[in-house]
Structure formats: structure tokens, C-alpha cells
Amino acid sequence: MTDTTSTLASDSASDVTDRSDRRQPAVARWLVTGNVLATVVVAALAGTTLWSSRTAYEDRAAVEVSNLAGAMQQAVGAQVERVDLLLRTAAIDIDHARRGGASTDAVQRIVMSRYGLLPGLQVLQVTDALGIVRQGVGLTDGRTVDLSDREYFIRARDSPSPDLVISDPVVGRTSQRWVVAFARRLRAADGSFDGIVYLSLSTHRFSEGLSGLNLGREGIVSLRTADLRLITRSGGAGGSDAEMAAGRGEASPQLRSAVAARPEGGMFNARTPFDQVDRINAYLPVADGRLYVIAGLGVEEFMAPWRAQVKVVSGLAAAVMAVLAGASWLLVHAWQRETAGIAQLHLAARRNKALLRTASDGIHVLDRSGRLVDLSDSFATMLGYERDALLGRSVGDWEATLTPAQAVHWCADTVGRNDFKTRHRRADGSLIDVEVTSNTLRIDGQDLIYCSSRDVTERLELTAEARQNLDRARLSEQRVREVADNVPASIVYVDRNERLQFVNAKFASMVGQPPEALAGRSLADVFGDGYQSRAAAVAMALSGIPASHTEAFQVDGRERHSESRLVPKFGTDGLVEGFYSLTQDLTERVELERLLSVQRRNLAAMTAVSSDVTVVLDGASVILVANRAFEDHWGLAPGGAEGLPLERLYGADFCESVVRPKLDRVFSGETISLRTTHAREGERPRAFDVTYQPVRTEEGRVDAMVFTAHDVDDLVETVHRLQRTNESLQHFVRITSHDLREPLNTISQFVGLVESSHPDVLPAPVDRYFGFIGRGARRLRNMLDDLSRYVQLGDEPVPADEPVALGPLMAAQAAALAGQCRAAVTIGPLPTVLGHGPLLEIVFRNLLSNGLKFTRPGEPPNVKVSAQVAGERVAVTVADEGIGIAEDDLPRVFEPFRRLNRRQAYDGTGLGLATCHRIVTAMGGEIQVFSRLGAWTQVTVTLRAARTGGENHA
């Protein structure tokens, strides 16, 4: 196939010209024919011509505006791809540099190395996670640039996607001009957000790229964002104010409706809002729909030749009956006008050919059979062919992913727009990776496939290499950190500015801070006042001389000790870049040495003053350590017992029959405690409490034994004497109680007989005196009963393992005391406890009686009983709202015969709480009193819960 035209639109224009030339002889024949036939023929010809001409103009306008949009799509897409490639590689290098602890200058060098790769940049900058610009081109000294409120920063921060972010047009805070920002997210080592790297392109730069297109008087092209905000435009009446219009959201309703219905691209007719010109428009997405290019041609300008033709043909039809010659002349003139219009189409075709020839991507057009119809020079260069050598060849000649048959089959079946990746085969047989965008068009009744191929081989190789380098760096860093974290010493690397660039887990633990909080901090900040002790060694290491030092410092109020070795690190230029520090924590060793010293001193002091015999033996019965009491017992000099076999002191027979069996049991792990008697020669036997205690190593093995003997002979004798005294006392109390009851009973009986026999005879003073005698006798009898009961509690062990349901017990005691006064006793749910029922009745009868007795004058008593179960213990509380107990008296409430109130006001013997305390203690429980004077009193009895878990409630 020959290169007849650069675009299909020019071929169609030639066809129209040929058809116009063939129709001119017909007009001459119509002039010869009669006026009637001429009128009919002229009218039919005029209508047919105008209709076909209008259709041709509209088709060509659609073709031209589609070609313009397609060329713009490829040009802008290629520019965005270059921007994205620059940002993507910059983001990878910055992420790697930050995770490796690189300095700010290193990041700045990365930014500067990328800045010159793309002409026309306004700024190329890097922010931190808070949006503050930290490095980049275009920064003003002393001025802080905060991008945290920019919508592209917010989108990059809040979206986990690493895709390119394209902003709406904004006024740059550095350049103060309308720009479009392109940003990529930066990630910290844990994947979290670590800022953005972004660049901005002036909208004027896009305008310059579009201004080279020959759009005619009313033609216009524009670039918009995804939400159809204007970035820039070229052409039209308002072309001079394109930058002033940047960022505006005005868009025709037809454009918004078309994009919403077909975001993949299409056409629409609309009146442009800013200049009110009707245009036929084509739009296509760029960068996956994040930008849109719109090309429009003025309907009035493009259809002007046709409108003039309409006027001419209409005039001819009207005047044909008047003057056939004039009508013929007008008809010829109309054909001339049409030819001029077709010439304009040829001009438009040449413009399209220029766009096709200069496109940076490999643009090529295929028919349904897979044959190459047209191509750009860049496509021929991409495949390594001369342009003419490719025309007419089949797609299978360069498509490497599909077989030739599959490639032709795809051309026959593809519909609409398609984006895919494949491989092309070059003329030398090598393969390249490409991204292809295809779209099907129907022009002059022929289905064609418009394709754009972009060579991404180098980009894929760079991406793969960068990913491999990043993976290797991460793996290396991970291995180094794992080794460093498992070293039992702290390891750090400090740069020449004395800032921490690497710390292992041991160092972080030593200073009490997480590793991530230490990176980048100065030594002076980390160690505070303790830095001064390190300053000399640090200065020596940074001067290139290895250094070491030991010190003591405070961490969280605790003194720690360390020993450090500082080794300088030299760069390729021979200068010191920093130093490594290996620090061993000596705290535990120092503390152990200090503790051992204290223990040795304390042990020496304790064994020196103790009268107990203490000996440490090994498995062969050899004395390892003996205290002074043991040495004195055997008349040995200080230290004279160490190293002696035990047989030398006790004799072989005694050691073999008595000591050896116990040693065998102790060295098997058993502890032996017993009481024995021992007599030195010429003295009476004395009682001793002896203990054989095994001594274990850290592995749990018994390697020694401690023997202690405590002289308890005096204690045993004292206990025996106290037991005899207590028995005598109890016997005396029983006899006294029994002997005093008989005269008391006699006094009470005769007082009762006198009062009953002479109720109305005794004078008032005598009657009152008899009342005093009766009450005194009753108090003395109650005191004897309480004293007898109190003493009897110590005679025999108290049974305390039978289950006692407290609910019925408490209800019975409350009922027995109900007659004493207007009592209000509230009993909550009570559980079952372990104890002795009769004794618990005494306890709670006394507690309820006290609660009902000790009330304020004129107020009725109010007693509440509750219980709380906590594990295996039950706390029963008896609370009243009576007179209370002074705080100073609370420690003495359980003393026998201790009365806290006058007998005239409140009756009692002073043994009630003492008896309760003795009973509860004997059953393994606990009793406590809490009170506030004049307000309330609470007595809590803690007992063991019954294992059955059941509860009885009052």
C-alpha cells in the first residue's frame, strides 16, 4: 500500500472532489433540457447535493475532532507517564533512604537528581507525614510550606493505594502561579504513611503544548480534571485568559452528561459556556480517567461553506425558471464553493498527518483483516523498520504474544476501547514490552482500529531492578537487625553529627525507650546529664581513634553501669563518617557483687551473734562453713571447723547410724525438721529443734546441705510451766464459779420472796434497795457464766469442720432476742460455712445483742446482717446504727472485761466480744470491728465457706 494520504479524512475529501467534477457535465445537460425538466432536475439535484454535502461535512468534522482528541490523549498521557515514572522512582529511592537512616542532605540529593529529568517543573519537593515540606527544589529560606490542607496531600495520606494522585489546578505556595500537582505516597518501614513526594507543572506549560495545533478561528482544545475542572485550554476567543480560567468548574451540561454516560470517551455537541460558540466536541480520558482532553471545532466555521452552498443552491432553484443561464452560473459557482470547502478538508487532513508524524507513542491504524493502514514515524522507529516497509503488513509480523492467526482474529472481533499489555517483535527479532490502547472507528463505511503502543521495556526493567534492590536491602537490613537484636550487648551507630542512626533492642531496653523513638536523636538528648561522661570518648572516636569508657548513670530512677567500646567508621574519602559503639551492661554484675558483699557481711554478722548452731556440709560429710556457735560448742578456733570431716567430731559410728541416713535423704531433695535431745559430756540433756535443708544449684541439683540446731530447752520448760499454770487457773475459775453461784442463788431467791410476799408493805427506799440487790446478783451470775464459758473455750480443741447453715442460725438468734426491745433486724441471704454450730450461736447472739443494746436514747435499734463470698472465704457483717465506738478504743475492744460505757447506761460484763474473738480465732477465722462514734458500728466475721457450694437463706 502506498502512502496516498496521512489520514483517512483526506481520502474521503478526494472522493467528494471527484464526485463534484462528475456532476458538472450533468449541469450542462440540464441547461440544454427544457425549463420544466431543468427545474425538476435542479430541485432534485440541489436537495441531494445539500444533504450529502452536509453529511460529508459532519462526518469529516467528527473525524477531525476525534483525531485531535486522540492526538491530545497520547501527548498528555505520555507526559503524565513521564511524570509518574519520575515520581515512582523518586518515591522508591526516598523510602529506601529514609528506612536506611539517610540524612536530610541525602534525600535532597535524590530530589535534585530527579529535578532535571523533566523540563518545565515548577517544584519537586518532599513532605513529612504532617504535610510540612522538608526537602526539594523551590524552597524559600526561612519559610515553612505546609501542605496538610491541600486536597492531593489529604488523598495521598488517607488512601492506602500507592497510585499517582493528580490535583485540581491550585495556586502554588512556592511559585504563586496556577499549577497541577502530581504526588505519590511515601511509606515508612511498617507501611504507614510517611509523607509525599510531589511535583507541580504550570498550567501554562500545558497551554504551550496545545497552542501548536491549528484549530482554526473557532477551534478549541482543553485539558480538564476528572471532575471536569479546567486545567488549561487553547484556541477560541478566550484563549488569552486560559491561565486565569484554570481551576474553574464550569462545564457544559452536555459534557457532564456525556462523561457520566461514557467515561471511556465519546462525542457531543454543545455551546461552550465561556464564549457561547456551538461546537462539535470529542473527549477522551487520560491517566485512567484522572484527566480528560476535549477537542472542539466550531460548527459555524466548519459548516460555513455548506451554509453558503445552501444559499447558492436555493438561489439557483428559485431563479432557474427566470434565467437558466444565471441559474447555471450560480450552480457552477456553488460547485466552486464546495471545492474550496474540500480544500479546507485537505488542510485539516495535513494537520492530522502532522500530529500523527510527530506523536511520541507508536500510533498505527489497522483494518479488520489486521493490515497496517497508517502509522506514525515513532511506531516504525519502535519496531526498527522504515515507515514505508511497514505499510500494508499484517499485525502478526510484530505481535509476539499471540499467534498471527490469533492476532488477525482479535482485529476482526475487537470492539470499542481496549487497554492491554503485550509484546512487539522488532525487525532484529528482539522483543519489547508495550502498553497498547486501541479504539475502533468507522469511517466512510470502513471499520478501522486506531492503536497507540508505548514502549515500557525500560520502565519495567527499572521497576523490577528497583524492586529487587529494595527486597535485597530489606532482607539485608532485617538480617543485620536480627543479629544485632540477639547480641547480649547494646550496639549503636552514630553519625558525625552525634545522632543515632541505628540501635539494637538491647540498647533500647537499656535506656528504657522503644527503638523507633531513638532514631535520629542526638546522644546529648538520649543520655541527658550522663552525656558529659561520654563526651571525651565520643570526641576521640569521631577524630578516628578507638576509645572505651565505663560509667554509672540513671535510667528511670535506677542506677545502671556499662562498659563501651567505640570504633570509628571511615568513608571512601578517608574521613570519619561516624562510629560504632558496643556497650555491655554491667549493672547485674555490679549489683550481684554488691549484693554478695552485703550478704557476706550480713551472714557473718548473723552467724557471729546467733546462738544457733549452723553448719554447711557437702555430700562426703565434710564441713564447708560453720558459724561461731558451732566452733564454740566444740572448742575450735575461728575457721577451725572448715574442711573437717564430721566423723572426727561425732565419731564414725554416730555419723554412720544417725547422720548418714539423714544426709542421704537431704541430698535426694528432702527437707528434715525434728526435735531431739543432746547432752554434752557431764551435762544434762537439752532439747533442740534441728533442720536439715538441701542447697540447690541453678540447675536444681543438690550439692550441699545446711544443718541448724536451735536450743529450745528453756522454751520447752516455759511451755510446760505455762500449761500447768493455765490448768491451775482454769481449775480455780471453775471452783470459784461453782462456789459463788450458791450464795448468789440464795440472795436472788430470798430477794424474790420478800418482794413477792410484801408487794405493798415495803417502803419506797427499801423496795429500791432490794431492786439494786437483785440486779447486782443477776449481773454477778451473768459475769460468772461468761467467765466460765470464756475459760472453757481453751480446755479442748474447737471442732470447726462441720457445715453450718447461717440463715436458720441467724434467724433463730434474732427471734430469741426480739423480745428485748422494738427490734428491727434485717437478715440478707447467708451461705453455709465450716465451723461449730453451738459456738457460732454464741458468737452471733452476742453480736446481735450488742447491736440491739447500744442504741441512742429514744431511737429504736436497727440491725442489718449481710454476707459476701470471696473464693473460699465468707465475710458475715452485723451492722447497727447505734452509739458507735471511739477510734482510740477500737484496738482494745477484744480485751476481757473491757467496758467502754458506764454500767448504769448499758448492762454487760465486758466478755462478749472477747468470747467472740476467742471462738472465731479457734475456728481459723477472723473478726474485725469498724465504727464511727455516735453513728454506726460494723462487726465482720470471716469464716471458711462450705465446699458444697449450697446456700441457706433466712
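Sorted by class, the residues lining the largest pocket come out as 16 nonpolar, 12 polar and 18 charged. The structure here is a predicted model, and the pocket in question takes in about 1,900 Å³ of space. Its lining runs to 46 residues, with R98, R99, G100, G101 and Q501 sitting closest to the centre. As for where the lining comes from, at least two residues each are supplied by the helices α2, α3 and α13 (457-485) and by the strands β17 (490-495), β18 (500-503) and β21 (576-585). The top contributor is α13, which puts in 9 residues.

Now for the nonpolar cores. The largest one holds 44 residues, and the members touching the most others are V80, L87, F182, V197 and L199. Two or more residues apiece come from α2 (35-99), α3 (104-115), β1 (121-127), β5 (178-187), β6 (193-202), β7 (220-225), β10 (277-286) and β11 (291-298). Of these elements, α2 gives the most, with 15 residues. So much for the elements; L199 offers a residue-level view. Setting aside neighbours within four places in sequence, L199 is in contact with V83, L86 and L87, with L121, V123 and L124, and with V180, A181 and F182. There is also a second core, separate from this one, made up of 34 residues, with M810, V833, F844 and V876 among them.

Pocket and core share some elements: α2 and α3 each supply at least two residues of the pocket lining, and both also give two or more residues to the largest core.

Methods: Residues numbered from 1 in each chain as written. Predicted model: local features only at pLDDT ≥ 70, side-chain atom pairs only at ≥ 80, totals over all residues. Heavy atoms only, no water. Core = buried A, V, L, I, M, F, W, Y, C linked by side-chain atoms within 4.5 Å. Buried < 20%, exposed > 50% of the residue type's maximum accessible area, 1.4 Å probe, protein only. Helix = DSSP H or I, 4+ residues; strand = E, 2+ residues; numbered from the N terminus. Contact = heavy atoms within 4.5 Å. 1 Å grid on protein atoms, 1.4 Å probe; cavity = no way out; pocket = protein on both sides within 12 Å on 5 of 7 lines; lining within 4 Å. Points joined across faces, edges and corners; volume = space filled by probe spheres on them. Nonpolar A, V, L, I, M, F, W, Y, C, P; charged D, E, K, R; others polar.
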